[in-house]
Amino acid sequence: MKSLSKFIIVITVVLFANNSVKAQNGLEMNVNYNVGLPTAGSKDYVTKPSFRGFTGSLDYAITSQLRVGLGIGFNDYYQKYPRQVYNGSDGAISAVLSNSIQQTPLIAHINYTITKTGFIRPYVGAGAGVNFISFDQYLGEFDNPSTKAKAIVQGEAGVFIPVSRYSSTAVKIGGTYNFAPFNEFGTSNLNSWGVQAGIRFPLH
Amino acid sequence: MNRNIKSTTLCFLAIGFLVLNGCKKDPLKNLSNDDSRIYISNYDSAANFASYKTFSISDSALVIQDNHFLGRVLGTYETNVISQLKQIMQQRGYTLVDSSAKPDLAINISEVINTQTTIFSYDDYWDSYGYYYDPGYYGYPGYGYYSPYSYGSYTVASAALEVDLLDLKNATADGNKITAIWVGLARGEDVFNNNNVTTEISTLFAQSPYLKSN
């Protein structure tokens with residue numbers, strides 16, 4: 001998490017050095033802290049939210065309202081369950097069980113800002129891509145790691161709050177819903193909500 | 001412009017992957033030695049545990065390291081394991097007899113140690129079982145052993161206590177085959193610590209309530 005914090009600080013410094021850039025078409029970067037909330041099939045393995053996460057995207061502003069881009073995200077889900085006995089057909093295992101799941105979606109997306117003006121500018125978006133999933137279940141200290149690449153579809157909504165009238169730089173507060181099919185280890189999906197806050201700034 | 005977009009995208013992805021590498025919580029760092037241990041019990045579902053009345057137990061434990069038989073050991077830990085097993089088996093209704101008294105059941109104890117971080121399988125343990133334990137000790141010379149259990153492979157250094165409950169009563173009827181009707185395995189950190197003997201044996205038996213003579 002320290003490296004993530006440093007990364008966000010560096011990006012913030014770069015952002016405010018770019019305040020003179022006027023709102024225009026071109027490349028922009030989004031960097032967000034992301035809290036992942038497991039839902040649906042994900043809850044078979046973890047019920048606690050993931051506070052270890054971020055999202056980022058590199059977007060091209062086709063117009064002042066429409067952007068397309070490529071995004072990457074990361075969330076680390078972890079939960080430890082107290083010792084209990086798991087019964088099988090011809091035996092049993094007593095163990096402390098820990099589930100560790102990392103999701104790294106790589107998503108092509110489109111984003112539309114609904115209003116051109118105003119202090120708060122709502123947006124909606126959608127994307128699809130590949131979800132790189134690292135899934136590891138520990139019985140005691142013994143694990144069974146697995147890595148999968150699956151499809152992912154994402155919907156998003158939120159608001160941009162511009163920091164300046166003359167720049168496309170804006171604070172972003174939003175949420176995503178991630179449809180993440182899995183079909184492994186007895187669960188059909190690793191769907192999740194994402195709640196995020198971050199910043200968008202133009203690149204030279 | 002296209003070249004700029006391409007190089008910026010690559011930088012963006014590279015930074016992203018570097019950052020996320022440091023963000024994973026390591027589950028092993030959140031486990032105590034007690035948490036690290038697992039207890040596995042397997043049993044032959046065809047066995048009628050109430051049909052056995054007497055048992056005998058090995059007088060020491062075998063040490064098998066990296067698939068090699070190192071010898072027998074009888075220290076404080078092994079003495080306590082044997083004592084606990086005698087006690088709990090008698091609580092479950094079985095009568096302790098000498099190995100020469102034709103017991104219905106035999107209990108063998110093994111310490112299986114893997115010091116290499118390479119693929120290791122307990123199948124090897126059973127492949128060599130007849131070499132480790134002479135069936136003649138229990139009065140069945142020339143018999144073979146049979147185990148329907150397999151624990152799979154793992155890739156970490158580890159130690160395990162294995163307790164095998166063997167069916168002597170039906171060995172001849174089974175075609176001169178001594179079947180392991182119950183196997184208990186404790187694996188993980190500090191497994192050979194004397195302070196953990198009671199927990200290890202009682203946990204294995206607690207999750208095997210069918211293992212009783214009455």
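## Exercises on a predicted two-chain model

In chain B, 39% of the 214 residues count as buried. The model is predicted.

**Exercise 1. Set out the secondary structure and contact range of chains A and B.**

Solution.
- Step 1: count the elements. Chain B has six helices and 11 strands. Chain A has one helix and 10 strands.
- Step 2: read the order in chain A. From the N terminus the elements run α-β-β-β-β-β-β-β-β-β-β.
- Step 3: take the burial of chain A. Of its 204 residues, 40% count as buried.
- Step 4: take the contact range. Consider contacts between residues at least 6 apart in sequence. In chain B, 81% of these join residues at least 24 apart. In chain A the share is 59%.

**Exercise 2. Decide whether Glu28(A) is buried or exposed, and find its contacts.**

Solution.
- Step 1: locate the residue. Glu28(A) sits in strand β1 of chain A, residues 26-38.
- Step 2: apply the cut-off. A residue is buried if 20 or more other C-beta atoms lie within 10 Å of its own. Glu28(A) has 20 such atoms within 10 Å, so Glu28(A) is buried.
- Step 3: list the contacts, leaving aside neighbours within four places in sequence. Glu28(A) is in contact with Asp59(A), Ala61(A), Arg67(A) and Ser168(A), and also with Arg200(A), Phe201(A), Pro202(A) and Leu203(A).
- Step 4: check one pair. Glu28(A) and Arg67(A) are 39 residues apart along the chain, and their C-alpha atoms are separated by 9.2 Å.

**Exercise 3. Describe the packing of α3(B) and α6(B).**

Solution.
- Step 1: choose the descriptors. Two packed helices are described by the angle between their axes and the distance between the axes.
- Step 2: fill them in. Helix α3 (residues 76-91) and helix α6 (residues 197-206), both of chain B, have axes that come within 9 Å and cross at roughly 35°.
- Step 3: add the hand. The crossing of α3(B) past α6(B) is right-handed.
- Step 4: name the residues that meet. α3(B) supplies Tyr77(B), Asn80(B), Val81(B), Gln84(B), Leu85(B) and Ile88(B), while α6(B) supplies Val197(B), Thr198(B), Ile201(B) and Phe205(B).
- Step 5: sort them by type. The contact holds seven nonpolar, three polar and no charged residues.

**Exercise 4. Find the buried residues of α6(B), and follow Phe205(B).**

Solution.
- Step 1: list the buried residues. In α6(B) they are Val197(B), Glu200(B), Ile201(B), Thr203(B), Leu204(B) and Phe205(B).
- Step 2: find what they pack against. In chain A the partner is β4 (91-113); in chain B the partners are β1 (38-43), α3, β10 (158-167) and β11 (177-187).
- Step 3: test Phe205(B). Phe205(B) is buried because 22 other C-beta atoms lie within 10 Å.
- Step 4: list its contacts. Not counting residues up to four places away in sequence, Phe205(B) touches Ile88(B) and Leu211(B).

**Exercise 5. Which residues touch the most other members of the largest nonpolar core?**

Solution.
- Step 1: recall the general trend. In soluble globular proteins, nonpolar side chains tend to be buried together.
- Step 2: read the core. It has 53 residues, and those touching the most other members are Val81(B), Leu85(B), Leu105(B), Ile107(B) and Leu168(B).
- Step 3: find the main contributor. β11(B) gives the largest share, seven residues.
- Step 4: look for another core. A second, separate core has 12 residues, including Tyr45(A), Tyr78(A), Ile107(A) and Phe135(A).
- Step 5: follow Leu85(B). Not counting residues up to four places away in sequence, Leu85(B) touches Ile57(B), Ile107(B), Val163(B) and Ile201(B).

Definitions and conventions:
Residues are numbered from 1 along each chain as its sequence is written. Chains are lettered from A and ligands numbered from 1 in the order in which they are written. This is a predicted model: local features need pLDDT of at least 70, side-chain atom pairs count only at pLDDT 80 or more; totals for chains, interfaces and linings use all residues. Helices (H or I, at least four residues) and strands (E, at least two) are DSSP runs, numbered from the N terminus. Two residues are in contact if their C-beta atoms, placed from the backbone, lie within 7 Å. Axes are lines fitted to C-alpha atoms, for helices over the stretch in contact, and angles run from 0 to 180 degrees between N-to-C directions. A crossing is left-handed if the near helix is turned anticlockwise from the far one by less than a right angle, and right-handed if clockwise. Ala, Val, Leu, Ile, Met, Phe, Trp, Tyr, Cys and Pro count as nonpolar, Asp, Glu, Lys and Arg as charged, and the others, Gly among them, as polar. A nonpolar core is a set of buried Ala, Val, Leu, Ile, Met, Phe, Trp, Tyr and Cys residues joined through C-beta atoms within 7 Å.
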